[in-house]
Amino acid sequence: MKAVQYRTVGAAPEVVTVPRPEPGPGQVLLKVTAAGVCHSDIAVMSRPADAFPYPLPLTLGHEGAGTVAALGDGVIGLDIGEPVAVYGPWGCGYCLMCAQGKENYCLRAQELDIRPPGLGAPGAIAEYLLVDDARHLVPLGDLDPVAAVPLTDAGLTPYHAIKMSLPKLVPGSSAVVIGTGGLGHVAVQLLRALSPARVIALDVSDEKLELARRVGAHETVLSDADAADRVRALTDGVGAQAVLDFVGAPPTVATATACAAVEGDVTIVGIGGGSAAVGFGTIAFDAAVRAPYWGTRAELIEVLDLARAGAVDVHVETYSLDDAPLAYERLRAGRITGRAVILPGG
């Protein structure tokens, strides 16, 4: 089968031919219908050889959807041909956090070398994907896999982050979204669907700010050194009750903390290497800073239900599997608006 692999540190990903996997006991083989391309992949491929965390070659893609192609011994509850989405943050299934359905916070994943597809385990940008356990699949039903596959990360991650702040997003409140690309433009829609807050979107690109306005942002602000002052002006000096940074670089984290209201939430989702300064006098009184990771399987079901209800719609650009390296090239250059989706059968 064809797959897109990162094979050499510093090199571009390649389309290669690899053996089709066969499911062992408890495993499920999917014929991939759609796979998402994410900035996390760029971050992984940007690491130097002495800090690269996974064995190579690595089949990329941690957002996956497909149809069930084969079942390993002991798998029940799935039918051949059934359309499903892949829940990516695999865990052990037994620790305290997994027992609560929070496999994204599995306490033993590192110890047991359990990795998400595309982030250690073979990923979804291939003709077939081997899933370690049926519990990591969610029925898609009649949802379009091309539109739905980004929701497994670009929808689930902001949904998980936003849910923690919903009690503070009351009428009259404000929420700031920093970075309105793949995750951020979904966050804008989720905030509009889930809360009455005024949504203020920040980005460095007029094109992405236009997308933010199109999907529901009430206000847009150019993300520069003066962005926090403009957010303060828009909120009558109060600041925002929730600030979500989907970039996570040092300048955006500084902007995020400067935007927070008293008792506000600052949530750093992006993996741009920034860290927040927290202390008396450096951030608004009683503001909280969080750095969440992905989301739960139950939350993925909720996100897909929101999509089914028409509350969220991901802007996608589609590419064939052979053109996946081009999608990564365009993503690295900042030329993807929304989410790039690979169609292995296209």
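At 40% relative accessibility, Asp305 counts as partly exposed in this predicted model, and its side chain meets that of Arg308 in a salt bridge with an N to O distance of 2.7 Å. Arg308 is likewise assigned to the partly exposed class, with a relative accessible area of 38%. Both residues belong to helix α9, which spans residues 297–308, and because they are three residues apart in that helix, about one helical turn separates them.

A second pairing joins Arg330 and Glu317, whose side chains form a salt bridge at 3.4 Å, N to O. Here the partners come from distant parts of the chain, Arg330 being located in helix α10 (residues 324–332) and Glu317 in strand β15 (residues 316–320), with their positions 13 residues apart in the numbering. Arg330 has a relative accessible area of 17% and is therefore classed as buried, the limit for this class being under 20%. Glu317, at 18% relative accessibility, also counts as buried.

A further salt bridge is found between Glu103 and Arg135, in which the closest N and O atoms lie 2.7 Å apart. This pair, too, links distant parts of the chain, the two residues being 32 residues apart: Glu103 is placed in the loop between α2 (96–99) and β7 (128–131), whereas Arg135 is placed in the loop between β7 and β8 (137–139). The two partners fall into separate accessibility classes, since Glu103 is buried with a relative accessible area of 9%, while Arg135 is partly exposed with a relative accessible area of 28%. In general, side chains of opposite charge can pair when their charged atoms come close.

Charged side chains are also joined in a network of salt bridges, which links Glu63, Asp153 and Arg339. With a salt bridge taken as a side-chain nitrogen of Lys or Arg within 4 Å of a carboxyl oxygen of Asp or Glu, the count for the model comes to 17 salt bridges.

Apart from these charged contacts, a nonpolar patch is present on the surface, formed by Val262, Phe280 and Phe285, which together contribute about 410 Å² of accessible area. Within this patch, Phe280 is situated in the loop between β13 (260–268) and β14 (288–290). Phe280 has a relative accessible area of 79% and is therefore classed as exposed, a class that requires a value over 50%.

Key: Residues are numbered from 1 along each chain as its sequence is written. This is a predicted model: local features need pLDDT of at least 70, side-chain atom pairs count only at pLDDT 80 or more; totals for chains, interfaces and linings use all residues. Side-chain values use heavy atoms; hydrogens and water are left out. Patches are made of residues with over 30% relative accessible area and no salt bridge: like charges are joined within 9 Å, nonpolar side chains (Val, Leu, Ile, Met, Phe, Trp, Tyr) within 5 Å. Accessible areas come from the Shrake-Rupley method with a 1.4 Å probe; for residues, only the protein chains shown count as cover. Helices (H or I, at least four residues) and strands (E, at least two) are DSSP runs, numbered from the N terminus. Buried means under 20% relative accessible area, exposed over 50%, partly exposed in between (1.4 Å probe, protein chains only).
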